[in-house]
Amino acid sequence: MTSTSLTARLRPYIPALDWIPNYQRSWLRGDIVAGITTATLLVPQAMSYALLGGLPPYIGLYASVLPMIVYAFFGTSRQLAVGPVALVALLVASGIGLMAPMGSERYVELTILLSLLVGLVYLGMGVFRLGFLTNFLSHPVISGFTSAAALIIAVSQLSNLFGLSLPRSENIAEILLEASQQWTHTHLPTLAIGALSLVLLIGLKRLNRALPAAMITVAVTTVAVWALKLDQAGVAVVGNVPAGLPAFGAPTFSIGDALELLPMAIAIALIGFMESIAVARKYAAERRYEINPNQELIGLGLANLVGSFSRAMPVAGGFGRTAVNANAGANTGLAPLITASLIALSLAFLTPLFYFLPKAALAAVIMVAVAGLIDLHEVKHLWKVKRSDLGLLLFTFAATLALGAKDGLFLAVGASMLWFVIKTTRPHYAVLGKLPGTQSYRNIERHPDAQTEPGVLAIRFDAQFYYGNVSFLKDTIRRAEQRLNWPLQAVVLDACSINQLDSSADTALHDLLHDYRQRGIDLFIAHIKGPVKDVMDRSGFSAALGEDHFFLDTEPAMAAARAWVHRDETGVATPCNMIIDSEPKTPEKSAG
């Protein structure tokens with residue numbers, strides 16, 4: 001087998017084989033600049049997010065080496081920067097904080113086990129092509145969750161920013177109340193470092209967005225703590241960071257711990273994938289290449305799986321970090337390889353420089369980073385566009401604040417699914433009237449000039465017809481009949497929006513037809529779709545109704561209904577333009 005054919009066979013499984021053999025010299029400068037720029041952002045950010053997750057800061061650096069390298073080969077995005085992210089760190093703290101003291105060796109081991117489980121969840125979803133499951137996380141749910149989580153994250157950093165001893169909690173009210181009671185004990189040197197960090201982060205960002213504001217802030221505050229000996233005055237610092245990369249080895253775990261952490265692993269996988277795929281698709285669209293969602297799941301799964309063997313916390317693609325990587329000129333996976341190499345060199349040779357790094361500066365990095373997650377624009381947008389979705393967003397926001405990240409997320413997903421079910425059980429419908437001078441039939445509530453036909457009810461349902469909405473649809477037809485100004489003699493059902501029909505709905509149609517025939521009312525159906533008609537054929541409904549009662553369009557169905565209404569005058573009712581003829585059904589017709 002030639003190397004070319006081997007590469008072709010491996011390409012679907014190793015997407016890096018798309019760009020490595022075809023690497024262009026013009027891409028190199030952008031990849032190098034992006035790799036260096038992202039590394040200067042990621043070093044302080046990774047340590048900050050590890051601290052947020054209740055972990056030693058160096059765990060965040062471990063999560064920025066091997067996982068990033070693995071994703072560069074197995075992911076389909078050429079700009080996505082994989083590593084620790086704020087939301088995942090918060091979920092780690094909320095889940096493992098209930099099982100072990102934060103910062104303890106058991107806490108670290110459970111986090112590494114969680115990385116393994118997250119990797120397995122990703123891989124399982126990718127292998128079985130389950131990326132569609134993230135559709136249950138609607139955009140309002142994600143927006144409400146991230147906004148609430150951003151507030152929880154920001155408030156959780158007050159202890160590091162003010163030098164106070166505040167409880168580790170996701171209850172904002174509890175933290176703020178405790179902070180208000182302890183404010184007189186604020187450690188002024190710590191507050192000064194925190195305030196300086198915020199000023200530098202915000203000021204440098206406004207001055208020039210291309211500047212590595214986080215790295216400059218960390219460097220300045222570290223030098224200040226070292227020069228002024230503020231660590232001896234009580235300013236909390238990172239302290240000793242183990243030099244070099246960790247030994248590669250399998251995580252230690254028990255089945256009981258794995259089962260307890262599995263729901264958290266699923267939540268992290270869903271949130272991490274949503275964040276990763278959203279930003280990956282954005283930059284892929286700009287650069288005109290395709291993202292494979294199932295391969296992304298495999299890439300992220302392998303990144304977390306390998307990361308767990310190098311003592312890393314769970315990772316995902318980050319919004320801000322990817323934006324920096326892309327805007328700095330990243331063209332291929334070489335950029336994250338350069339970033340990971342620089343972080344590995346930092347771990348090997350620069351760890352003594354991290355000793356005086358103040359935790360207040362890392363807290364400021366976190367607070368500025370998560371501020372962009374508070375999505376006020378979406379609130380304004382939904383207020384104008386879809387207030388029911390705004391209600392779901394606010395419910396998710398409130399649930400996350402009240403119950404915490406994990407419970408709030410699962411409750412919000414449940415509420416989202418329940419709302420979807422409610423909407424499908426009470427679908428939109430329209431009573432139709434004919435627009436003057438046309439053959440078109442429209443909703444009479446939106447088109448007051450649309451003319452209805454005496455004795456005929458024309459109605460359209462905009463949903464599949466299944467057991468969940470059978471009662472609603474039957475009640476809707478009865479209520480529409482009661483509002484008519486004349487005795488009902490014919491019903492025209494516009495089925496253009498009915499894509500599916502289950503056995504319960506088919507039984508309901510049989511009952512409706514039986515009731516109508518006893519009352520002398522005839523039923524006509526327009527725009528029936530092939531799969532729906534197939535169910536009616538198999539159940540015998542088509543035969544009971546009569547093939548001459550199915551029509552391609554609404555107008556001939558209305559003409560047949562008018563003929564039925566006026567049958568006493570003419571002595572006969574003659575339907576026309578039937579959809580079904582005597583020819584055998586072909587695959588093309590059944591697909592209609």
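Two strands count as paired when DSSP finds at least two bridges between them, and strands themselves are DSSP runs of at least two residues, numbered from the N terminus. The legends below describe close-up views of a predicted model.

**View A. Strand β3 and its partner β4 run antiparallel.** The two strands are joined by three bridges, which satisfies the pairing criterion because that criterion asks for at least two bridges. Within the pair, L432 lies opposite N443 of β4. Six residues separate the strands in this hairpin, and G437 adopts a positive phi near 75°.

**View B. Strand β3 also pairs with β5, again in an antiparallel arrangement.** Residues 429-434 form β3 and residues 456-461 form β5, with three bridges between them. Two facing positions can be followed in this view: A430 has R460 of β5 opposite, and V431 has I459 of β5 opposite.

**View C. Six strands form an open sheet with mixed pairing.** Their order across the sheet is β4-β3-β5-β6-β7-β8. The edge positions belong to β4 (441-443) and β8 (550-551); each has a single partner strand, so one side of each lacks a neighbour in the sheet. In general, strands of a sheet pair through backbone hydrogen bonds, in either a parallel or an antiparallel sense.

**View D. P427 occupies the loop between α20 (405-425) and β3.** Its relative accessibility is 7%, and P427 therefore counts as buried, the cut-off being under 20% relative accessible area. Apart from neighbours within four places in sequence, the contacts of P427 are D462, A463, N469, F472 and L473. By contrast, a separation of 38 Å lies between the C-alpha atoms of P427 and S94, which are 333 residues apart along the chain.

**View E. Helix α11 has a buried side and a face turned away from that side.** The helix comprises residues 188-207, 20 in number, and its first and last C-alpha atoms are 28 Å apart, close to the 28 Å expected at 1.5 Å a residue. Its buried residues are T190, I193, G194, S197, L200, L201 and L204. These residues lie on the same side of α11 because they cover an arc of only 125° around the axis. The general geometry of an α-helix is 3.6 residues a turn, so residues three or four places apart point the same way. Elements covering the buried residues of α11 include α9 (158-162), α12 (213-228) and α17 (359-371). On the face turned away from the buried side are the exposed residues L188, V199, R206 and L207.

**View F. The salt bridge between R519 and D515 links two partly exposed side chains.** The N to O distance is 3.4 Å. Relative accessibility is 41% for R519 and 30% for D515. Both residues count as partly exposed because this class lies between the limit for buried, under 20%, and that for exposed, over 50%.

**View G. The salt bridge between D522 and R517 links a buried residue to a partly exposed one.** The closest N and O atoms are 3.5 Å apart. D522 has a relative accessible area of 6% and is buried, whereas R517, at 39% relative accessibility, counts as partly exposed. Elsewhere, K434, E453, E555 and R562 are joined into one network by salt bridges that share partners.

**View H. R287 and E286 meet through their side chains in a salt bridge.** The distance from N to O is 3.5 Å, and R287 is partly exposed at 33% relative accessibility. In general terms, side chains of opposite charge can pair when their charged atoms come close. Over the whole structure, the search finds 15 salt bridges.

**View I. The whole protein sets the context for the close-ups, with 27 helices and eight strands.** The C-alpha trace spans about 105 × 70 × 50 Å along its principal axes. The radius of gyration is 31 Å, while a compact globule of 592 residues would have a value near 25 Å. Of the 592 residues, 52% are buried. Among contacts between residues at least 6 apart in sequence, 80% connect residues at least 24 apart.

Notes
Residues are numbered from 1 along each chain as its sequence is written. Side-chain values use heavy atoms; hydrogens and water are left out. Helices (H or I, at least four residues) and strands (E, at least two) are DSSP runs, numbered from the N terminus. The expected span of a helix is 1.5 Å times one less than its number of residues. Buried means under 20% relative accessible area, exposed over 50%, partly exposed in between (1.4 Å probe, protein chains only). The arc is that of the directions from the helix axis to the C-beta atoms. Contact means heavy atoms within 4.5 Å. A salt bridge is a side-chain nitrogen of Lys or Arg within 4 Å of a carboxyl oxygen of Asp or Glu. The radius of gyration is taken over C-alpha atoms; the globule rule is 2.2 Å times the number of residues to the power 0.38.
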